[in-house]
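Reader: I'm new to reading structures, and I'd like a close look at just one part of this one. Please pick a single piece and tell me what surrounds it.

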Amino acid sequence: MMSSSLNIFRVGISFVMMCIFYKSTGDILPELSPHKYFSTLQPGKASLAYFCQADSPSTSVFLEELNEAVKPLLDYGISVAKVNCVKEETSRYCGKEKDLMKAYLFRGNILLREFPTDTLFDVNAIIAHVLFALLFNEVKYISTWEDLQNIENALKGKANIVFSYVRAIGTSEHRAVMEAAFVYGTTYQFVLTTEIAILERIGTEDIEYAHLYFFHCKPLLDLTQQCRRTLMEQPLTTLSIHRFIKTMQAPLLTEVAEDPQQVSTVHLQLGLPLVFIISQKATYEADRRTAEWAAWRLLGKAGVLLLLRDYLEVNIPQHANVVFKREEGVPVEFLVLHDIDLIISRVESNMHIEEPQEDEDDEDDDMEGPDMDIQDDEVAETVYRDRKRQLPLELTVELTEETFNITVMASDSIVLFYAGWEAVSMAFLQSYIDVAIKLKGTSSILLCRVNCGDWPDICTEQNITEFPIVKMYKGSENPVSYAGMLGAEDLLKFIQLNRISCPVNITSVQEAEEYLLGELHKDLISYSSVSVLGIFSPTMKTAKEDFIEAGNYLKGWVITGIYSEGDVSILSNKYAATVPALLLARHKEGKIESIPLANTHAQDIVQIITSALLETFPEITVENLPAYLRLQKPLLILFSDGSVNHKHKKAILNLVRQKHLDSLTPCWLNLKNTPAGRGILQAYFDTLPPLPCLVLVNLHSDGQVFAFPSDQSITEQNIFLWLKKLEAGLESHITILPAQEWKPPLPAYDFLSMMDAATSQYPTRKAPEVIKETDVQENDKKPHEDKSAVRKEPTETLRIKRWNKNTWFKDAEISFKHDKEL
């Protein structure tokens with residue numbers, strides 16, 4: 001951190017000066033000789049100098065930009081000068097020609113930094129680089145996720161963090177962050193990165209633009225928890241950052257007992273509205289919790305106050321529970337809003353944000369809009385929202401009839417078969433390109449694509465009758481179809497885990513130990529938290545064949561290995577396993593457990609392994625929900641607005657270890673990661689309850705929902721006694737979920753079935769298709785032509801048929817009727 005004297009100096013500089021668009025209005029760049037320049041330098045004062053030959057034409061553009069930077073840098077106490085190198089004087093900065101392509105930053109007569117002029121390409125770059133160099137102790141530049149975590153852990157309970165991502169050093173956003181750091185750097189720790197991977201880890205959806213987050217680390221009492229994060233949703237400008245940080249400094253919630261028309265806070269001064277939650281004595285505690293929850297969700301967007309009706313001297317309409325004040329001098333509005341989401345919507349609908357003007361053609365496109373009657377809402381919304389987004393399609397190879405067979409035979413290839421006119425295809429194409437971006441320069445697998453609208457014959461030959469489809473081609477091997485979720489994360493996992501042949505043939509006990517410890521395939525451990533090793537005696541031919549079949553089937557989903565040498569008893573004795581057996585290595589927990597495989601067939605092995613992949617107390621997401629519903633147990637769900645509390649997690653895990661929850665599926669749901677949880681809670685309680693909230697949902701029988709008493713703390717003993725009351729029939733349900741079945745607008749948009757297929761049991765995923773393609777390969781003359789269908793479908797039948805032809809799940813539809821409602 002910088003000295004207190006510099007802090008006092010900063011306070012004296014009005015922040016408004018940083019918010020003016022600086023223009024060249026008579027501020028002329030001083031021109032000095034080397035001797036004159038060095039004689040003007042003062043101890044402790046910063047100065048930027050450019051040494052050049054007089055009237056050098058090659059530097060005229062740079063000098064124009066430098067002249068633009070004179071006044072804004074002078075406002076920060078930094079002088080700027082052009083130093084003319086003259087023959088009469090000697091200076092090491094006027095020596096070689098390459099030295100004349102640099103600018104130099106001094107503090108006093110000490111050289112701090114030299115900048116090549118090509119990095120100072122405009123006034124923004126000049127100011128950003130200079131401030132970045134001077135604030136090196138206050139603005140930490142990071143390049144890895146671990147760096148951010150280390151800083152966050154070090155500042156928990158001590159100071160808050162302003163974290164920003166900019167696309168490049170020297171941009172206007174970088175300048176805005178540096179100007180903010182100049183003013184607030186002694187109050188907050190500024191952290192800067194240009195690594196997009198860090199932004200992705202935070203969970204930001206739109207990663208194309210600069211972002212700024214405020215990490216609330218100072219008030220954190222439990223140092224094991226993650227700092228709460230608030231995203232600044234406006235573009236990164238000096239004014240918007242200043243306004244955002246000012247709102248972070250304001251109290252989260254203020255109690256008032258006066259006329260809301262007369263109340264004024266810093267939010268109104270910054271152009272943000274005020275929201276008053278009306279409270280009374282009888283409901284004070286519940287109203288305060290609601291107000292605090294609303295305040296966190298509106299942080300940076302509006303000020304939230306708790307208005308105490310009982311102490312007011314003015315009349316408030318009895319029916320009103322919310323007062324909305326848009327700005328000073330404008331009459332307040334009295335509203336009836338029984339849902340926090342409605343309050344949020346009210347605020348956001350009144351936020352005035354200038355949007356860039358579209359040309360006439362774009363306006364026409366906007367007026368037309370998607371056909372929401374026949375398309376799935378989220379898919380159509382995604383395609384419509386991103387319709388003007390330019391995808392870097394050059395990262396993938398577009399295949400044609402002439403290049404398809406040659407390409408897939410010459411290299412290991414992933415091929416996306418899609419239709420340019422179909423919504424799901426276009427939505428998934430974006431995820432496919434995201435995978436290509438992540439694999440750029442790191443993988444030998446070639447990512448390709450075929451637009452079946454342009455090349456229908458290729459798609460017919462490859463038996464593509466539904467969109468989108470991804471297939472992996474490896475030399476002369478049969479192509480394998482990807483059957484997972486249509487998202488970048490799951491597809492990337494499938495591609496990375498397919499880099500090795502499964503099951504891996506282990507040749508020694510030492511190699512087996514390295515495999516179980518995760519050292520054999522270190523780079524793949526992040527994609528498969530469990531490694532499976534099958535151990536067999538050399539004579540167990542049938543058992544090995546079953547395991548190999550299961551390993552081939554699970555390829556791309558989990559790492560499997562096999563060991564069947566004569567000294568297998570060393571492993572079996574060490575891990576107390578009777579061969580044949582499975583050794584499951586859970587890398588996160590550092591545990592290895594054994595499961596016997598006597599008289600176990602391939603499909604049973606698959607079931608054992610897929611069940612082992614399930615967590616004991618998982619975070620429920622849209623992707624993994626079907627896997628846990630398939631267990632056919634009531635769900636014990638802990639709803640949390642952020643990371644799960646360590647004490648709550650420990651209490652539930654203790655009950656799991658004591659076998660008290662064997663008949664349930666304990667899990668938790670983070671409303672920040674899975675916003676759909678708010679709708680679920682509202683369906684259970686009518687109004688959103690305070691968090692954390694523990695409920696038991698009996699989906700698979702009568703649909704009853706039970707709520708853990710809100711006046712009790714979530715402890716091991718209290719949960720145990722509550723469950724005993726439930727078992728004895730002494731607790732009343734809060735609601736019963738309706739039994740009607742949810743159906744998609746079109747069969748091809750049955751995304752719940754897609755998730756079921758991705759995580760289903762052995763006979764229900766991709767085995768039938770792989771068998772078809774195997775049969776085809778024996779008879780085809782052309783490489784990789786998938787002609788499992790005897791007839792050749794006409795082009796017009798290559799429509800959206802995904803998953804609706806599968807009948808494997810019909811038997812499960814009755815038992816899943818409540819699952820669909822969830």
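Author: Start with a term. Two strands count as paired if DSSP finds at least two bridges between them. Keep in mind that this is a predicted model.

Our piece is strand S8, residues 189-193. Is it mostly covered or open? Mostly covered: 5 of its 5 residues are buried. Buried here means under 20% relative accessible area. Now take S8 one face at a time. Gln189, Val191 and Thr193 lie on one side. Phe190 and Leu192 lie on the other. Both faces are covered.

Next, the strands that pair with S8. One of them is strand S6, residues 139-141. S6 and S8 run in the parallel sense, with 3 bridges. For a single position, find valine 139: phenylalanine 190 of S8 stands opposite this residue. You have met Phe190 already, as a buried residue that shares its side of S8 with Leu192.

Strand S7, residues 161-165, pairs with S8 too. Here the sense is again parallel, and the pairing has 5 bridges. Look for phenylalanine 163: its bridge partner in S8 is valine 191. Val191 is on the side of S8 that also holds Gln189 and Thr193.

Finally, follow the chain. Which helix joins S7 and S8 in a β-α-β unit? Helix H7, residues 172-184. The unit made by S7, H7 and S8 is right-handed.

Put the picture together. S8 is a strand with both faces covered. S6 pairs with S8, and so does S7.

How values were computed. Residues numbered from 1 in each chain as written. Predicted model: local features only at pLDDT ≥ 70, side-chain atom pairs only at ≥ 80, totals over all residues. Heavy atoms only, no water. Buried < 20%, exposed > 50% of the residue type's maximum accessible area, 1.4 Å probe, protein only. Helix = DSSP H or I, 4+ residues; strand = E, 2+ residues; numbered from the N terminus. Right-handed = clockwise from strand over helix to strand, strands pointing away.
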